[in-house]
Amino acid sequence: MDIMRNDSDDLLSELLKPLRLTGVFDSRWHVRAPWAIEGDAERSCAVLHYVVEGDCWISGTDQPAQQLLTGDLAVFPTGAAHRLSDHPGRQGVPLKAVLPERQPGTSGEISIGGEGPESRLLCAGLHYDSSAATGLYRALPWALVLDRPQVDREPLLRDTLRLLASPDRPAGPGDRLITLRAFEMALVLALRPLLRDFTENPAVLPVLRHPGISRAMVMIATRFAEPWTIESLAREVGMSRSAFTAAFRELVGEAPARHLTGRRMQEAARLLCETSLPQSAVPQRVGYQSAVGFHLAFRKWFGKTPGEYRSHATSVA
């Protein structure tokens, strides 16, 4: 087996694993040309557009316009500002003007009645816990597109999107939770083939082709509880401390120490929210020998103590 490919697959698996949605706003668009809608940047929110019928164009600031056809799917992993329109370059109305309320857990409709060809889209804002967004996730391109053949090669993704786009999709007890998890699955299924393709295109995510930094990220993702230092991480991947730190910051977008802290905090938050593990046992499970050191780091990262974090998670569950 190709060791580099194995590391890349492990890294992509760790990137996808913590993606847990906290809420979804979805909408169905029925539009006839001419039309254009401008979406603002969204924080801690991925945006998804699925073309049910017809076509549209997506474009963004300093980004080339790209056409989407029937069955195509576009994902904006970090909620970058963008425009959807029937023709590239057309100026549009702000999304907030046609959908002023977009609270997670609700749905909406957009209908624009022009004289031209009709298109139907399923659009959604997928809110996620920002603490789960790794440096690698934040470094993803502004938009990721799967064309119809790629979607069709993922039957579960295709069928989930079609069900979610259906105007008469099943409704009943637990509908909001089912919808949330269905969109969560769609997001992961959409990202998986795209991220795997990146291993063949180092210009998109160069970190996946840097053997030392890619391996270090896998170690941080999977062995975060070990007593790592910058020196020991660099030594483990066969690099000097200075070269390792510089390359890591350039490729990942943050210092290795911050990336390690982020992974530990991510796991600590999961343990507090999803398990009954005693709070006193959490520090050692995520690599802290000192409970005081963990408490200070957690509060600095999340703005609240571990106890407050767990209490809040319990109250909103």
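Which residue in S7 is the bridge partner of Glu38? The tour below reaches that residue after a short orientation.

**Before selecting anything**

The model is a predicted one, in which local features need pLDDT of at least 70, side-chain atom pairs count only at pLDDT 80 or more, and totals for chains, interfaces and linings use all residues. Residues are numbered from 1 along each chain as its sequence is written, and side-chain values use heavy atoms, with hydrogens and water left out.

Display the whole chain as a cartoon. Its secondary structure comes to 13 helices and 11 strands; helices (H or I, at least four residues) and strands (E, at least two) are DSSP runs, numbered from the N terminus. Of the 317 residues, 49% count as buried. Here buried means under 20% relative accessible area, exposed means over 50%, and partly exposed lies in between, with a 1.4 Å probe and protein chains only. Among contacts between residues at least 6 apart in sequence, 76% join residues at least 24 apart, a contact being heavy atoms within 4.5 Å.

**First stop: the five-stranded sheet**

Select strands S5, S4, S7, S2 and S8, which form an open sheet in that order with mixed pairing. Two strands pair if DSSP finds at least two bridges between them. The edge strands are S5 (63-69) and S8 (93-94), each of which pairs on one side only.

Now select S7, residues 82-85. In a regular strand the side chains alternate between the two faces of the sheet. In S7, His82 and Leu84 lie on one side and Arg83 and Ser85 on the other, and all of these are buried, so that both faces are covered.

Add S2, residues 36-39, which runs antiparallel to S7 and is joined to it by four bridges. The opening question is settled here: the bridge partner of Glu38 in S7 is Arg83. Ala36 of S2 stands opposite Ser85.

Next add S4, residues 55-60, which pairs with S7 in the antiparallel sense over three bridges. Arg83 appears again as the bridge partner of Ser59, and Leu84 is the bridge partner of Ile58.

Finally, bring in S8. S2 and S8 pair in the parallel sense over two bridges, with Ile37 opposite Val93.

**Second stop: backbone features in three loops**

Most residues other than glycine have a negative phi, and most peptide bonds are trans. The next selections depart from these patterns.

- Select Ala33 and Pro34: a cis peptide bond joins them, with omega about 0°. Pro34 is in the loop between S1 (21-32) and S2.
- Select Ser44, which has a positive phi of about 50° although it is not a glycine. Ser44 is in the loop between S2 and S3 (45-53), and its relative accessible area of 28% makes it partly exposed.
- Select Asp62, a residue other than glycine whose phi is positive, near 60°. Asp62 is found in the loop between S4 and S5 and, at 76% relative accessibility, counts as exposed.

**Third stop: helices H7 and H9**

Two packed helices are described by the angle between their axes and the distance between the axes. Select H7 (residues 211-222) and H9 (residues 241-252), which pack at an angle of about 80° with their axes 10 Å apart. Axes are lines fitted to C-alpha atoms, for helices over the stretch in contact, and angles run from 0 to 180 degrees between N-to-C directions. H7 is therefore roughly perpendicular to H9; angles of 65 to 115 degrees count as roughly perpendicular, under 35 as roughly parallel, over 145 as roughly antiparallel and the rest as oblique.

Show the side chains where the helices meet: Ile213, Ala216, Met217 and Ile220 in H7 face Phe244, Ala247, Phe248, Leu251 and Val252 in H9. By class, this contact has nine nonpolar, no polar and no charged residues. Ala, Val, Leu, Ile, Met, Phe, Trp, Tyr, Cys and Pro count as nonpolar, Asp, Glu, Lys and Arg as charged, and the others, Gly among them, as polar.

Keep H7 selected. Nine of its 12 residues are buried, so H7 is largely enclosed by the rest of the structure; among them are Gly212, Ser214 and Val218.

**Last stop: Leu271**

Select Leu271 in helix H10 (residues 256-274). Leu271 counts as buried, at 2% relative accessibility. Not counting residues up to four places away in sequence, Leu271 touches Leu277, Val282, Arg285, Val286 and Arg310. The C-alpha atoms of Leu271 and Val282, 11 residues apart along the chain, are separated by 7.2 Å.
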